[in-house]
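Here is a set of short exercises to work through with the structure open beside you. Try each task yourself before reading its solution.

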Amino acid sequence: MKILLINVTYGKGSTGKIVESLRNQYISQGHDVRVIYGRHTNSNSQGIIKGGFELESKIHHFFSKFTENLYGGMFFSTLRIKHLIKKINPDFVHIHCINGFFVNIYSLIKFLKKNHIRTVVTNHSDFMFTSNCGYALDCENWNGNECRNCKRVKTFNGKFSLNRTHHFYKKMEKAFKGFDELSITNVSPWLTERSSKSSIFKGVPNCTVMNPVSNAFFNKPTINPYDKYNLDKDTKKVVYVTSNFEEKEKGGYWLEPLANKFKNQKVKFFVISSIKSDFKVDNNDVIFVQEKLTQEELASYYYFADSTIVLSERETFSMV
């Protein structure tokens, strides 16, 4: 079977690593697997293609702060991605996180629907069934009220954003309407319940498929990464892994007051983030791991730690 995976990143960040794991698993089962990704790292591997143009992404991102058109635009990148799909001619397409300003989601969904391409959409966050924010948190305005008069738009899209949330909700709903070859999977029962409530996915099969875990986490590491920090043998090691330390919803701002509660105690906090941060924490017990880690090295940080913490306001299904 020829399978096409589409995601904003590949091999980087939580969903990028999930897509990489899925690709490897599908290949091991004898499938012909291709990947289209949108942003950042250029991959040289065969069958892994960057579909987005970085300059167009940056321009669209800038204008979206005013227009609130988070998931539209991207004319040239979307045209390229459609051309790639036609060329690959997959038996089915598996879509993951396609936010991040690399494709016109409405146009892509309409294209897949028009061409009767079997498609699976996996929700890792809220944006596909709200057509607006990635984290609805406690807000239920998308459920039944279809994001009318959104009170959060300036929080998730900036202070200059227009309030057009209902318009984009209806735009997403129209894109998915009548897509008979579509199935929705979600990475937790909680997210399946939320996704099923949205009229965007009304009548579409919704189910839960838990995130895969890299094989690196099933092997016992042999090298203790904390040895290089010359810690006292009684020092407790707490590891905090996050996709973005500075993103409010991920809760990085809680780390400093938490670490302050353990001052003068033998506790060190290690921060590992896929997006490198220049953020400074005024506590010497907080250590930012600067080097880029392989899956095996990341697994060793987990294995030899005394504790792991999650600080997010909400998580759909945390990889931690």
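**Exercise 1.** Which residue in strand 4 is the bridge partner of L4?

*Solution.* Before starting, note that this is a predicted model, in which local features need pLDDT of at least 70 and side-chain atom pairs count only at pLDDT 80 or more, while totals for chains, interfaces and linings use all residues. Residues are numbered from 1 along each chain as its sequence is written, and side-chain values use heavy atoms, with hydrogens and water left out.

Step 1: find the elements. Strands here are DSSP runs of E with at least two residues, and helices are runs of H or I with at least four, numbered from the N terminus. Strand 1 covers residues 2-7, and strand 4 covers residues 92-95.

Step 2: check the pairing. Two strands pair if DSSP finds at least two bridges between them. Strands 1 and 4 run parallel and are joined by 4 bridges.

Step 3: read off the partner. L4 is bridged to V93 in strand 4.

**Exercise 2.** Follow the sheet onward from V93 and describe what lies beside strand 5.

*Solution.* Step 1: V93 stands opposite T119 in strand 5. Strands 4 and 5 are parallel, with 4 bridges between them.

Step 2: move to strand 6 (residues 182-186), which pairs with strand 5 in the parallel sense over 5 bridges. Here T122 has T185 as its bridge partner.

Step 3: ask about burial, where buried means under 20% relative accessible area, exposed over 50%, and partly exposed in between (1.4 Å probe, protein chains only). Because 5 of the 6 residues of strand 5 (residues 118-123) are buried, this strand is largely enclosed by the rest of the structure.

**Exercise 3.** Write down the strand order of the sheet and name its edges.

*Solution.* Step 1: the open sheet has 7 strands in the order 3-2-1-4-5-6-7, with parallel pairing.

Step 2: strand 3 (48-50) and strand 7 (206-208) are the edges, as each pairs on one side only.

Step 3: from one strand to the next, the twist averages 20° (axes are lines fitted to C-alpha atoms, and angles run from 0 to 180 degrees between N-to-C directions).

Step 4: look at one connection. Strand 4, helix 4 (residues 105-114) and strand 5 form a right-handed β-α-β unit; right-handed means that, with the strands pointing away from the viewer, the path from the first strand over the helix to the second runs clockwise.

**Exercise 4.** What span does helix 1 reach, and which of its residues are buried?

*Solution.* Step 1: the expected span is 1.5 Å times one less than the number of residues. For the 16 residues of helix 1 (residues 13-28), 22 Å is expected.

Step 2: compare. From first C-alpha to last, helix 1 reaches 23 Å, close to that expectation.

Step 3: list the buried residues: G13, T15, G16, I18, V19, L22, R23 and Y26. After the helix comes G30, with a positive phi near 95°.

**Exercise 5.** How are the rings of F75 and F76 arranged?

*Solution.* Step 1: Phe, Tyr and Trp rings (for Trp, the six-membered ring) pair if their centres lie within 6.5 Å; planes under 30 degrees apart are stacked, over 60 edge-to-face, and the rest tilted. The whole structure holds 15 aromatic pairs.

Step 2: F75 and F76 are edge-to-face, 5.2 Å centre to centre with 85° between the planes.

Step 3: check accessibility. F75 is exposed at 53% relative accessibility, and F76 is exposed at 54%.
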